[in-house]
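Student: Could you show me how to read a few features of a protein structure? I would like to begin with the aromatic rings.

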Amino acid sequence: MMFKILELMGIETRGYDRLMVHFTGLKSPASLWICIGVIILFCISAYFMVKPLSGLRRKVFILALHFIALIFAISIFLEPSLRLAKTAKLKSPIYILIDSSESMKAKASADQSRIQNALNWLEKNHAYFDALKNDYEVRWFRFDEKATSLQANFLDMPKISPDGQQTQILESIYRLKSELGDKRLAGLVIISDGADRGELSQIGSEQNPREKAKQLKDMERRVQGLGKIYTVLVAEEAGMKDLAITSVQHDGYGFVKNPFVVVVKLKMIGEDVKEVPVQLYQGQKLVAGKSVKLENGKEQSVELEFIPDQVGRFLFRVEVPVYQDEASVENNQKVFPLTILRDRIRILYIAGNPSWDEKFLRRTLEKNPSVDLVSFYILREMYDNPEASEQELALIPFPTQELFQKELPNFDIVIFQNFFGRDYMSPSYLENLRDYVVDQGGAFIYIGGPRAFIKDSFNFPLEQILPVDFSFGETNYQISRLSLRLTDAGALHPLTNLAGGELENKSLWQGIGVLENYNQVLRVKPDAVVLVEHTQSNPGTLIAVREVGKGRVLMIATDSFWRFRFEQEGQEGQTKYYQLFWERALRWLVKDPEMKNHSLSLFKDKYQPGEDINIYFNVQDRSYQPVSGATVSLKAVQAPEGCSPAEMPGEEIAPGKYQFKLNLNCPGGYKLQAIAEKEGLVAGTDEAVLAVEKDSQELQDLSIRKDLMELLARAGDGELLKIPDSPAKMKFPDINLEEIIGAKDIPVWNNWLTLTIFVLLFGIFWAVRRYYSLS
Amino acid sequence: MRRRDFLKIFSAGSAGIFLSRKGFTQFPSQPRQIKYDFIFAQITYGNGFAWNPRPTVARSLAKIVNSRTSVPASPERVEIRLGAPELFQYPFLYISGENEFEPFSDFEIQRLRRWFDAGGFLLADDALGEMNSGFDKSLRRELARIFPGEKLKEVPTDHTVFQSYYLLDKVAGRKASVPNLWGIDRGDLTPLIYSQNDLAGAIEQSGGEGFRYPVIPGGEQQRELAIRLWVNIIYYALCANYKKDAIHASFISKRRKRRPK
């Protein structure tokens with residue numbers, strides 16, 4: 001009828017099918033506030049205007065006029081117009097979301113993964129989805145933590161790689177909904193295994209019925225506007241079997257010769273298993289194993305304990321067997337890197353006789369909390385006569401056989417201080433000591449005095465490992481005040497680099513003026529590094545080190561080093577440098593990783609697949625001087641099968657410091673080796689380990705969650721389907737979506753008629769006010 | 001010649017050889033410099049010789065230590081004042097007297113305190129061998145200044161000093177007036193030990209070979225005990241708590257039990 005009226009008014013309406021009232025003035029939000037302001041002002045003025053009037057009828061009449069005038073004024077302000085519109089009907093949208101998280105990699109059946117099952121089902125029902133497109137606008141998405149749009153013709157080439165970190169069904173839906181804004185959907189289809197890690201699983205696991213009901217109601221409210229929700233379960237619960245390592249927990253560091261515990265949590269889905277063997281490997285070596293009984297669906301924990309026997313960085317692997325038809329084999333092992341440190345340094349300390357040098361060294365070692373000290377001092381020599389029976393003496397036999405034949409490998413460092421062992425031990429014991437250093441990587445400290453550096457066949461094995469050859473002179477021990485000089489090597493060596501700066505360090509050592517007595521040596525070996533010299537003889541080797549075979553040796557050719565501690569530092573009220581020297585000496589001798597000449601370092605030991613990895617390689621020579629201009633390369637000596645990265649060169653970024661940049665995509669453990677070469681010789685090599693793994697819990701529990709999928713379908717007034725059910729069960733409503741494809745506005749506020757009514761109204765209003773004598 | 005006399009001569013001769021070996025290396029035919037690991041440094045104070053009631057203690061002690069132990073001890077005594085710059089060359093100090101002495105200066109107290117902090121060991125020995133002597137009063141006064149707030153404590157019988165070389169149950173010197181030693185502890189060590197029994201008097205030599213003073217009341221047996229206590233104190237000064245190491249502890253405990261009383 002309105003169309004007829006308009007035509008009578010001479011307005012062309014052909015081609016239009018909708019008439020609406022449109023307010024042009026409402027485009028700006030400020031207009032609305034102005035209107036509200038005007039209404040409030042009007043109400044206030046109306047109140048004061050009618051208040052003095054008597055008679056209700058009169059008041060009502062005046063107020064009515066006021067309001068009519070107000071409505072009219074506001075209407076004009078809002079610029080009303082009649083809008084003639086041409087509309088077109090739109091297809092109601094349906095969104096189909098396919099789970100692309102990692103759990104979809106798991107098997108759905110003997111020969112198919114879950115994702116493959118889903119895609120096959122879509123292909124099999126291609127006709128249905130094609131037909132759906134006739135009446136609905138169908139859009140395809142993949143989702144894990146959020147939904148990502150797929151190409152429009154996805155169904156023609158359905159392919160999805162299930163590599164999403166986590167399944168978060170509700171979170172993905174809510175994000176989509178917020179992107180839709182005011183738009184509505186006719187329906188939503190979720191194709192998933194239900195293995196949710198987000199809000200939906202929390203709702204599903206809520207034990208309190210009241211709280212659960214509240215959460216379900218909230219979910220229903222939040223999915224409104226998404227139409228009917230259908231969920232499609234991609235696999236059957238029954239028959240699904242999987243044994244998974246859900247977590248591996250351990251301390252950040254282990255300590256050699258100290259028990260280390262790894263706590264492994266396991267879960268078996270699908271059946272009870274009697275005994276599951278859990279094994280821990282260090283590299284390829286089995287270090288611990290235990291069996292655990294698992295119940296279906298229950299997480300169980302097992303502790304594996306082993307005692308590391310080597311310092312360093314290693315790749316460890318926890319493994320459980322792969323049973324037939326398991327949904328996933330990826331979760332049957334877990335790799336982790338671990339650094340094994342030295343806990344306590346075990347020292348065997350032999351002194352030729354009690355002395356102040358022995359006392360102050362002993363006190364320094366005792367104060368070091370990382371030292372376990374076993375000492376034997378020769379308190380009495382064979383020609384000493386204590387004038388007492390053995391029973392009256394506190395002296396114990398010197399157990400040389402036990403120490404040097406059996407127990408030697410249990411020590412990290414052996415110290416001989418002013419000791420000549422010919423009267424106490426078999427020559428073979430010194431050979432054992434030599435072999436302990438050379439072959440087993442033990443460390444040895446040799447400190448001078450009248451009983452040391454004696455050229456004797458008995459001492460020959462010692463001479464073989466020490467940095468010097470002994471002097472043939474009859475008296476190698478000399479009494480003389482020493483002037484010291486720090487060598488260039490000593491300036492940077494961690495043992496003697498005590499004061500930080502090069503100049504300060506040289507000044508410190510040169511300032512030590514209290515040492516006296518030294519052992520003369522014949523010559524320094526070519527591969528020895530002399531750190532401190534004195535000027536009293538030639539060579540004036542006082543402190544020297546040597547790396548021999550696998551071990552390290554430190555030599556101090558004086559028994560008066562204690563004077564530095566007591567006489568020099570003691571007078572100044574401190575013991576800083578003496579103590580620091582010995583702390584560094586011990587750490588260097590046991591090859592503390594922080595004191596290596598060449599070291600490969602990373603910021604962390606676990607990375608995400610594809611994450612940038614920066615590796616730094618410090619290369620120094622024996623004297624700890626940086627080696628510049630070396631050719632460095634990095635290669636993987638251990639990597640997941642088929643994922644070994646190619647050997648790559650490094651770049652020198654500072655003298656002696658080289659950088660490698662790489663990305664590793666395959667999850668698993670990697671052992672990388674860097675080599676530095678200069679002038680055809682290997683200048684240094686080191687190894688590092690790291691693990692690449694997704695920060696994801698997807699594979700920890702591969703249960704098919706039919707219950708969660710049912711909950712979601714119910715909230716959306718839909719239904720749960722199970723592959724291979726027919727999708728024809730899914731019925732979607734028509735939500736009558738239209739689109740305006742053409743419009744014509746006919747303003748009603750700016751014509752003579754409107755103006756006439758406006759003037760008339762205000763005229764009546766004015767007249768009435770005059771009649772009633774209103775101000 | 002009786003066998004006993006022959007053995008004595010033989011032992012003396014051997015001891016002579018062995019003594020002369022102290023401080024030497026493998027070729028005893030050549031004279032060489034002797035390096036002593038123990039030097040007896042005695043604190044001097046005042047203007048007279050009150051500090052020196054036992055002038056031959058160092059020589060006598062050296063003979064004992066050299067013959068009985070592996071430590072080469074110097075027979076020469078170093079006399080040192082607390083304010084001397086050489087104080088820190090001597091980690092072992094001895095102080096003795098019979099009568100009261102003047103307080104040390106603040107500077108001397110400060111030096112001694114730092115000397116203790118650096119790791120020094122002091123043996124105090126009351127030459128009067130009596131309680132509440134003048135020396136005792138003065139010593140306690142000075143120790144209160146060096147170690148404010150601390151008092152001398154009885155050294156317990158399981159202290160390392162009683163098993164550092166000999167296994168001892170008792171203390172004695174020239175006298176046995178006080179049945180215990182006194183000490184002040186620093187952490188796990190006792191850097192000051194005080195005897196009120198005139199330890200030095202028990203080993204002080206007369207002009208000839210013998211000892212100057214009789215030992216009361218226990219006679220030569222008591223003197224031997226005093227000698228052993230000297231050796232133990234020297235060894236404690238040099239070895240600290242070495243004999244408390246676990247490897248020694250059980251052995252010593254068993255030996256103590258098996259020892260005849």
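Tutor: Gladly! Keep in mind that this is a predicted model. Over all chains, the structure holds 57 aromatic pairs.

Student: How is a pair of aromatic rings described?

Tutor: Two values do the job: the distance of the centres and the angle of the planes. Take A:Phe404 and A:Tyr429, whose rings are 6.3 Å apart centre to centre, with 10 degrees between the planes, and form a stacked pair. Planes under 30 degrees apart count as stacked.

Student: Which helices hold A:Phe404 and A:Tyr429?

Tutor: A:Phe404 belongs to helix α10 (residues 400–407) of chain A and A:Tyr429 to helix α11 (residues 427–438) of chain A, so the pair ties together parts that are 25 residues apart in sequence.

Student: Is A:Phe404 buried or exposed? And what about A:Tyr429, buried or exposed?

Tutor: The cut-off for buried is under 20% relative accessible area. A:Phe404 has 1% relative accessibility, so it counts as buried. A:Tyr429 has 9%, so it counts as buried too.

Student: What does a tilted pair look like here?

Tutor: Look at A:Phe561 and A:Tyr578: their centres are 5.5 Å apart and their planes make 40 degrees, a tilted pair. A:Phe561 is in helix α15 (residues 561–572) of chain A and A:Tyr578 in helix α16 (residues 576–589) of chain A, 17 residues apart, and the pair links these distant parts of the chain. Both of these residues are buried.

Student: Which residues form an aromatic cluster?

Tutor: One cluster includes A:Phe404 and A:Tyr429 from our stacked pair, and also has A:Phe376, A:Phe416 and A:Tyr446 among its members.

Student: Where does a charge sit over a ring?

Tutor: The charged end of A:Lys359 is placed over the ring of A:Phe360, 6.0 Å from its centre. In another case, A:Arg317 lies over the face of A:Tyr281, at 4.5 Å from the ring centre.

Student: Now to empty spaces. How many cavities of 30 Å³ or more are there?

Tutor: There are two. The largest cavity has a volume of about 50 Å³. Its lining includes B:Ile43, B:Phe101, B:Leu139 and B:Glu142. By class, that lining has nine nonpolar residues, no polar ones and one charged. Helix α4 (residues 134–146) of chain B gives the most to it, with four residues.

Student: And which residues line the second largest cavity?

Tutor: Among them are A:Ser355, A:Asp357 and A:Gly448, together with B:Lys35 and B:Asp37. The volume of this second largest cavity is about 30 Å³, and its lining has no nonpolar, four polar and four charged residues.

Student: How does one read a pocket?

Tutor: Ask for its volume and its lining. The second largest pocket has a volume of about 1000 Å³. Of the 39 residues lining this pocket, those closest to its centre are A:Glu330, A:Gln333, A:Lys334, A:Pro667 and A:Gly668. Elements that give two or more residues to the lining include β17 (333–341) and β37 (668–678) of chain A. The lining divides into 15 nonpolar, 14 polar and 10 charged residues.

Student: One last feature: how many residues does helix α6 of chain B have?

Tutor: Helix α6 (residues 219–239) of chain B has 21 residues and reaches 30 Å from its first C-alpha to its last, close to the 30 Å expected at 1.5 Å a residue. Of those 21 residues, 18 are buried, so α6(B) is largely enclosed by the rest of the structure. Just after α6(B), B:Ala240 takes a positive phi of about 55 degrees.

Definitions and conventions
Residues are numbered from 1 along each chain as its sequence is written. Chains are lettered from A and ligands numbered from 1 in the order in which they are written. This is a predicted model: local features need pLDDT of at least 70, side-chain atom pairs count only at pLDDT 80 or more; totals for chains, interfaces and linings use all residues. Side-chain values use heavy atoms; hydrogens and water are left out. On a 1 Å grid over the protein atoms alone, a cavity is a set of points where a 1.4 Å probe fits but cannot get out, and a pocket is an open set with protein on both sides within 12 Å along at least five of seven lines; lining residues have an atom within 4 Å of a point. Grid points are joined across faces, edges and corners, and a volume is the space filled by probe spheres set on the points. Ala, Val, Leu, Ile, Met, Phe, Trp, Tyr, Cys and Pro count as nonpolar, Asp, Glu, Lys and Arg as charged, and the others, Gly among them, as polar. The expected span of a helix is 1.5 Å times one less than its number of residues. Buried means under 20% relative accessible area, exposed over 50%, partly exposed in between (1.4 Å probe, protein chains only). Rings of Phe, Tyr and Trp (its six-membered ring) pair if their centres lie within 6.5 Å; planes under 30 degrees apart count as stacked, over 60 as edge-to-face and the rest as tilted. A charge sits over a ring if NZ of Lys or CZ of Arg is within 6 Å of the ring centre and within 35 degrees of the ring normal.
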